[in-house]
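Let us read a fold step by step. A learner asks, and a teacher answers.

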Amino acid sequence: MHHTLFSRLGIFFRIHLIGIICALMAGAVIVMPQVWFIVHSGSAYQGIQIYGADAETNYLSRIQEASETGFTGNPYTFEEKGALPSSYNTYVEYALALPTILFHIPVATTNLWYKFLLPAIAFFLAYLLGYRVTGRRSASLFAASLGILGLQLFSISDIRYFLGFPPAGYEGFTNFAN
C-alpha cells in the first residue's frame with residue numbers, strides 16, 4: 001500500500017501523540033521556574049536569570065559574542081573580542097546564536113527558549129529510542145522521563161549518597177538538560 005508523506009506523518013503523530021505531549025510537558029517543567037520568577041516579579045524584574053548549569057554564564061557570553069561580532073575570541077577581555085584564532089572558537093556558539101541574530105532578540109530570551117526546546121527535543125528523542133527498542137509507549141515514556149526529568153529532580157550526587165557512595169567531585173558537571 002502506497003502512503004503519501006502527509007498520511008505517514010498523520011500515522012506517526014497518531015502513534016506518538018502522547019510522546020509529543022509528554023515532551024512538551026518536560027520542556028515546560030524545566031523552564032517553569034524561570035518563567036514563574038519573571039511573571040511573579042512583575043515590573044521589578046531586572047533580567048536576572050536562573051542558571052541551571054555551572055558553566056551556563058560562560059556559554060551565554062560566548063553566544064553573545066558570536067551574535068555581536070560573528071567570532072568567538074575571548075569573550076571576557078575587550079582586547080581579544082572577535083580575535084582569531086582562538087582556542088575558544090567552536091561552531092556551537094554560532095548555531096546557538098542564530099535565533100538571536102535572525103530575530104534580533106536578547107541572548108537571555110534565546111536561552112529561555114532553549115531551556116524549553118532542548119529538553120523537549122531530548123525527551124522526544126529518548127522516547128523514540130525507547131519505542132524503537134521496546135515497541136511499547138509506556139516503557140518509552142518511563143525511560144525518557146527517567147532520563148530527562150529524573151536527572152533534573154535528582155542530581156548524581158543525591159543518587160550516589162542514597163546508594164551509600166562518597167561524593168566523587170564531578171557531580172556538578174553531569175546535568176545535561178540545561
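The dialogue below goes from the whole chain to helix pairs and then to single residues.

Q: Where do I start, and what kind of model is this?
A: Start with the source. This is a predicted model. Then take stock of the secondary structure. The protein chain has 6 helices and 0 strands. Along the sequence the pattern reads α-α-α-α-α-α.

Q: How much of the protein chain is buried?
A: Burial is judged residue by residue, with under 20% relative accessible area as the cut-off. Here, buried residues make up 26% of the 178 residues in the protein chain.

Q: What share of the contacts joins residues at least 24 apart?
A: Take the contacts between residues at least 6 apart in sequence. Of these, 50% join residues at least 24 apart.

Q: How do I read a helix pair, say α1 and α4?
A: Take three things in turn: axis distance, angle and handedness. Helix α1 covers residues 5-41. Its axis and that of α4 come within 8 Å and cross at roughly 150 degrees. Angles over 145 degrees count as roughly antiparallel, and therefore α1 and α4 are roughly antiparallel to each other. The crossing of α1 past α4 is right-handed. By class, the residues of this contact divide into 21 nonpolar, 4 polar and 1 charged.

Q: At what angle do α2 and α4 cross?
A: The axes of α2 and α4 cross at roughly 125 degrees and come within 10 Å. That makes α2 oblique to α4. Here too the handedness can be read: α2 passes α4 in a right-handed crossing. From α2, the contact uses E56, L60, I63, Q64 and S67. From α4, it uses V107, N111 and K115. By class, the contact has 3 nonpolar, 3 polar and 2 charged residues.

Q: Which residues of α3 and α4 meet?
A: Place the helices before naming side chains. Helix α3 spans residues 92-103, and helix α4 spans residues 107-134. Their axes come within 9 Å and cross at roughly 115 degrees. The crossing of α3 past α4 is right-handed. A95, L96, P99 and T100 in α3 meet V107, T110 and Y114 in α4. This contact has 5 nonpolar, 2 polar and no charged residues.

Q: Why look for a repeat of three or four places in a helix?
A: An α-helix has 3.6 residues a turn, so residues three or four places apart point the same way. Now look at the burial in α3. E93, Y94, A97 and T100 are buried there. Down the axis of α3, these buried residues fall within an arc of 110 degrees, so they line one face of the helix. They pack against α2 and α4. On the other side of α3, V92, L102 and F103 are exposed.

Q: Is T110 buried or exposed?
A: Compare the relative accessible area with the cut-off. T110 has 4%, and buried means under 20%, so T110 is buried. This residue is found in helix α4. Leave aside its neighbours within four places in sequence. T110 is then in contact with L96, P99, T100 and I105.

Q: What does H104 do in the loop between α3 and α4?
A: In a loop, check the backbone angles as well as the exposure. H104 comes just after α3 and sits in the loop between α3 and α4. It has a positive phi of about 55 degrees, although it is not a glycine. At 69% relative accessibility, H104 counts as exposed.

Q: How far apart in space are E68 and T100?
A: Set the sequence gap beside the C-alpha distance. E68 and T100 are 32 residues apart along the chain, and their C-alpha atoms are separated by 9.5 Å. E68 is found in helix α2, residues 56-69. E68 is partly exposed, with a relative accessible area of 47%.

Q: What is the C-alpha distance between I121 and I20?
A: I121 and I20 are 9.2 Å apart, C-alpha to C-alpha. In sequence they are 101 residues apart. I121 lies in helix α4. At 46% relative accessibility, I121 counts as partly exposed.

Technical notes
Residues numbered from 1 in each chain as written. Predicted model: local features only at pLDDT ≥ 70, side-chain atom pairs only at ≥ 80, totals over all residues. Heavy atoms only, no water. Axes fitted to C-alpha atoms, helices over the stretch in contact; angles between N-to-C directions. Helix = DSSP H or I, 4+ residues; strand = E, 2+ residues; numbered from the N terminus. Left-handed = near helix turned anticlockwise from the far one by under 90°. Contact = heavy atoms within 4.5 Å. Nonpolar A, V, L, I, M, F, W, Y, C, P; charged D, E, K, R; others polar. Buried < 20%, exposed > 50% of the residue type's maximum accessible area, 1.4 Å probe, protein only. Parallel < 35°, antiparallel > 145°, perpendicular 65-115°, else oblique. Arc of directions from axis to C-beta.
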